[in-house]
Amino acid sequence: MKTCLVVDDSAVIRKVARRILEGLSFQISEAEDGAQAMDMCRQRMPDAILLDWTMPVMDGFDVLRALRALPLGKAPKVVFCTTENDIAQITRAMHAGADEYVMKPFDAEILISKFHQVGLN
Amino acid sequence: MTESEFAWLCAFLRRRSGLALSAQKRYLAEGRLGAVCRRHALPDLCTLVHRLMAGDRRLETATVAAMMTNETLFFRDSYPFASIRDLVLPTLQSARRAERVLRIWCAAASSGQEPYSIAMLIDEVRPILPGWRFEILATDICDDMVERGRTGLYSQFEVQRGLPTRLLLKHFTRDGERWRLSERIRQLVTFRTHNLLEPCQHLGQFDLILCRNILIYLDRPTRGTVLDALHRQMRPDGFLMLGATETAQGVSDLFEADPNRRGLHRSSIAGARAVRGETVMRPAALSSAPLRARPSVPGSAPRPPLRLVTRTTANG
C-alpha cells in the first residue's frame, strides 16, 4: 500500500486530506509541523507528502530543503499546499524540490488530479 | 411550460444545436432556462418559449448557449494529449515535412482550455520543428465561451484543474485574482464562433481535429451528420480525437478507431474512397481492417516518438 504523510498545522486540513487521499488507497500518517514531519521521514520515508507551506517550528520550505538533502534511494513526491497563489512563492517551492502545488482550500477533484499529475494514481 | 411547448423547445434545440433533449432531462431545461428568464426579465418559461417561437434571435442565442455543457479543463483526461504527443505529432512531422504546416481544429473548444493545452504541447516541440507553422482553430457554438477563450484569463480554480504547475509558471502571469496566459501561447490559437451543424468548408482542412464530449449530447443521425462534416475537413491522412466515451463506430463508416489509442480515429477505407469521390459501400468487413494495414495512409507506420519534455522538477 502506498503511503502518504500529510503535514499541516491545521487538524481540519489534515482530516480533509486524509479522507480524500484514503480514497486513493494511500495509507495516511500525519504530522502537525515540519520538525515532526522530518522525524517521521527519517524513520520511514513515505511515497508522497502533502506539505503545508506555513507551519510553526519548521515551515514547508525548510522541510523541502532538508528532505531533498537526504541521501534517498527513492525521493517522495511532494505536493505542497498554501493559502497564497503568489508566483514567487510557487516558484521558490518548485525550485526547492516540490513536484506540484495546490492552493487551499482544495476539493477532492483538484487534490486527486494533483496526485495523478505526479504519477501517484 | 406545457407538454407541447416542451416538445417545441426540444425540436428547436435539436434543429439549432443538435442537442437531443429527452423528457427525462426536462428538469435540466427548466433549471438552465430559468436562469435565462431571470437574466432577460421574462416571467416564466412559457414566455421564453413563445418568444423563441416568434423568432427572437437574441433569446435563441441565449437559450442554445444555456443548454450547452461547457465543462472543460486543461489537459482533460491526459491520455489524448499523450496520444497526440507520442503518435499524432511524430506521424504528422514525417508526413508534412515538405510543407511544414500543421493545422489543428478544436471543434468544441468551450472556454479554451483544450486548444491552449494543445498549444502548450506544441510549444514543447517547437525547438525540434524549426520553421514549422502551427495553426490551432478553436470554435464553439457559444459566443460567450469564444470570447472567454480569447481573453486567455483563468481563475485559480481553473488553473488548478489539470494544468501542471510547471506549465502554470512557464506560461501564465498573475492578473489580479486571475491568471493570464502568455501571448506566446495565445497567438497559436484563433477563436471563432461556429455551430457544428452549419457548413464548415470555409474553415479549411485540418491534420488533427478534436471533437470531444459533444457527440454524447447529440442524437444518432446528428452524430452522423457531424462526423461526415468533420471527415470532409480532415486531411486524408489526418486524425480525429473524440471523447473518452465516444466512438464513430456504428455511426459513421468514414472513420475507424485506433484500437490502441482511446478516442483516436483515422479515415477508414470507406472514408478514403469517399474523399476520392467513389461510391461508398457498406464497409462492415473493410472497416475491421487494422489501421496499420492501410497503405493509402502515409506515415502510419510506427515511428520513434518525438523527444518531448513533459515535466521537469528540481529533483528530476
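**A stroll through two chains**

Start by selecting G34(A), M38(A) and C41(A) in α2(A), then add V63(A), A66(A) and L67(A) in α3(A): the two sets meet, contact being heavy atoms within 4.5 Å. These contact residues divide into five nonpolar, one polar and no charged (Ala, Val, Leu, Ile, Met, Phe, Trp, Tyr, Cys and Pro count as nonpolar; Asp, Glu, Lys and Arg as charged; the others, Gly among them, as polar).

A word on what's on screen: this is a predicted model, where local features need pLDDT of at least 70 and side-chain atom pairs count only at pLDDT 80 or more, while totals for chains, interfaces and linings use all residues. Residues are numbered from 1 along each chain as its sequence is written, chains are lettered from A and ligands numbered from 1 in the order written, and side-chain values use heavy atoms, leaving out hydrogens and water.

Now show helix α2 (residues 34–43) and helix α3 (residues 60–69) of chain A in full: their axes sit 9 Å apart at an angle of about 20 degrees (axes are lines fitted to C-alpha atoms over the stretch in contact, and angles run from 0 to 180 degrees between N-to-C directions). That makes α2(A) and α3(A) roughly parallel, the label for angles under 35 degrees.

Next, hop to chain B and pick S17(B), in helix α1 (residues 3–17). S17(B) is buried at 10% relative accessible area (buried means under 20%, with a 1.4 Å probe and protein chains only). From a polar atom of its side chain, look 2.7 Å to the backbone oxygen of L13(B) and 3.2 Å to the backbone nitrogen of L19(B). Finally, light up contacts of S17(B) beyond four places in sequence, including V64(B), M68(B) and N195(B).

Methods: Helix = DSSP H or I, 4+ residues; strand = E, 2+ residues; numbered from the N terminus. Buried < 20%, exposed > 50% of the residue type's maximum accessible area, 1.4 Å probe, protein only. Polar contact = N/O pair within 3.5 Å; in protein donor to acceptor, adjacent residues only side chain to side chain. Parallel < 35°, antiparallel > 145°, perpendicular 65-115°, else oblique.
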